[in-house]
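Student: I would like to go through this structure with some questions. Please show it first, and then we can begin.
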Amino acid sequence: PTALEVCDDGVPDGLTLIDLTLKNTEIASDPNYSVSYYLTQLDADNMSNPLMIPYMNISNPQTVYVVVQDITTGCVNTTTLDLVVEQAPIANTPMPLEYCDPDSDGFGVFNLPDVELEVTGGDPSLAVSFHETMADADNDVNSLPSTYNNIVEDQQTIYVRVESSTIATDCATIVELLLIVHPTPQIVDPTPLEVCDDVSADGIAQFDLTSKDSEILNGLDPLQYLVTYHELEANAELGLGSVLVPTSYTNIVAFNQLIWVRVEDTVNGCYKLTTLDLVVNALPVLVQPSPLELCDDNNPGDEMEAFTLEDANAEMLNGQTGISFAYYETQLDADNGTNPIVSPYVNTSNPQTIFVRATNDVTGCSVSTTATILLRVNPIPSPAAPTDLEVCDLDNDGFESFDLESKSLEIINGELDIAITYHETQSDADTDQNALVSPYTNIVMDEQVIYIRAENTVTGCFNTSQRLTIRVL
């Protein structure tokens, strides 16, 4: 095998725990072979004192001895494996980077290179990169830009990867860097307040504006700060014309409306304004789909088939995206989102209506009253077994022309909307290929079986169970 190269641990002594099994496949890829490792050739020859894994090397580099044994025959062979421990650079854990946050949202901007000199100790041969997770730092992926906005409120740990830019090794040292955001007593801009439209689909709904109080105050004492909501900025500035019942406010601008928020310190009268977006999310709009129809092929006569309900989705969506469906046996279950059925679904009556609940994947808004799926199980044709078709052999060679179509009425037996085709093989009849044309000359001397396909011209359901024997006399 090639040498097993690993990086040193936190103690730069060239000794570390090594997973020797990383080389098992390279040494012996046959699953019938076992691989074990030994300190000396003598131990390997005697298969005594196998090394514990992970193994702490005793020198750097070090050679260990490998035994490969066929677990069926017991035959063995030996080889050697060189262990090499690469040294990672020395890096210092930096002091935290601190940022004073003017808007008190717990997020700030950090200039990460400010700690590079502290981390490297001034060594110009070391390269430094910053990462959001230890895994990214280990794998040297997704390095952060020099100017970084933290994504964890108030305090976040990121990871500094330090490696040599002059030595050809993948070994690196990773240290933590703490980012600290110091808040100032300010309110924050709230996220939009979203509700789902009702079935009137007019973009007008009721909002509980006070549900945003806590978010806006951002930890400020609600007993000290008064939050009021206003339709006009001027009223918010003056502290006049606040919404009378903020727990059940009806928007006056359809779908999207901006509300002004005033937060006033009741101790000193100071205030700050922000805005709140009110959003009425539209319900999914569905197109009534065509019925899903199947032929009664599975146990003909029971009128029960397994329907793939998703086959109706494209027609209901009519080009829309981002909408998920669930299916129910009753309107009540669809309204409540309870007892969904699983597709493929075997109908319990024929025909049967399936109720659909559509949910917008982004907003979570659902509707269960605009579309249903009708399931229909169509009967398969019931052709009659025809009598044999016989003709006299004028030249006694065993071959003659047959008018196959002369048997069609007998086979149809009065059933409506049935088309009959004739085929030389069962496969052709099943797949509706290579239909025979009358008059037809047999290709099997004296007697031949012809396969019949009876298909309903309205539903497309078919039956290929009947045969016609043609005979030359």
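Student: Leaving aside its neighbours within four places in sequence, which residues is Val472 in contact with?
Tutor: The model is a predicted one. Contact here asks for heavy atoms within 4.5 Å. With neighbours within four places in sequence left aside, the partners of Val472 are Val391, Asp393, Gly398, Phe399, Glu400, Phe402, Asn442 and Asp446.

Student: Is Val472 buried or exposed?
Tutor: Val472 lies in strand 32, residues 467-472. A residue under 20% relative accessible area counts as buried, and one over 50% as exposed. Val472 has a relative accessible area of 8%, so by that cut-off Val472 is buried.

Student: How many Å apart in space are Val472 and Ser242, C-alpha to C-alpha?
Tutor: In sequence, Val472 and Ser242 are 230 residues apart. In space, the C-alpha to C-alpha distance between Val472 and Ser242 is 101 Å.

Student: Turning to the sheet with the order 13-18-17-15, which strands stand at its edges?
Tutor: The sheet is open and has 4 strands, with mixed pairing. A strand with a single partner strand has one side left without a neighbour in the sheet, so it stands at the edge. The edge strands are strand 13 (193-196) and strand 15 (225-230).

Student: By how many degrees are neighbouring strands of this sheet turned against each other on average?
Tutor: The sheet is the open one with the order 13-18-17-15. With direction ignored, the average turn between its neighbouring strands is 25 degrees.

Student: In strand 18, what is the bridge partner of Val195?
Tutor: Strands of a sheet pair through backbone hydrogen bonds, either parallel or antiparallel. Strand 13 and strand 18 (residues 271-281) pair in the parallel sense, over 4 bridges. In strand 18, the partner of Val195 is Val280.

Student: In strand 23, which residue is the bridge partner of Tyr327?
Tutor: Strand 21 (residues 323-328) pairs with strand 23 (residues 352-360) in the antiparallel sense, over 6 bridges. The bridge partner of Tyr327 in strand 23 is Val356.

Student: Which residue in strand 25 stands opposite Ile354?
Tutor: Strand 23 and strand 25 (residues 372-378) run antiparallel and are joined by 4 bridges. Opposite Ile354, in strand 25, stands Ile373.

Student: In the hairpin of strand 23 and strand 24, which residue takes a positive phi?
Tutor: Strand 23 and strand 24 (residues 366-367) run antiparallel, joined by 2 bridges. Ala358 stands opposite Val367 in strand 24. The hairpin has 5 residues between the strands. The residue with a positive phi, near 80 degrees, is Gly364.

Notes:
Residues are numbered from 1 along each chain as its sequence is written. This is a predicted model: local features need pLDDT of at least 70, side-chain atom pairs count only at pLDDT 80 or more; totals for chains, interfaces and linings use all residues. Side-chain values use heavy atoms; hydrogens and water are left out. Two strands pair if DSSP finds at least two bridges between them. Axes are lines fitted to C-alpha atoms, for helices over the stretch in contact, and angles run from 0 to 180 degrees between N-to-C directions. Buried means under 20% relative accessible area, exposed over 50%, partly exposed in between (1.4 Å probe, protein chains only).
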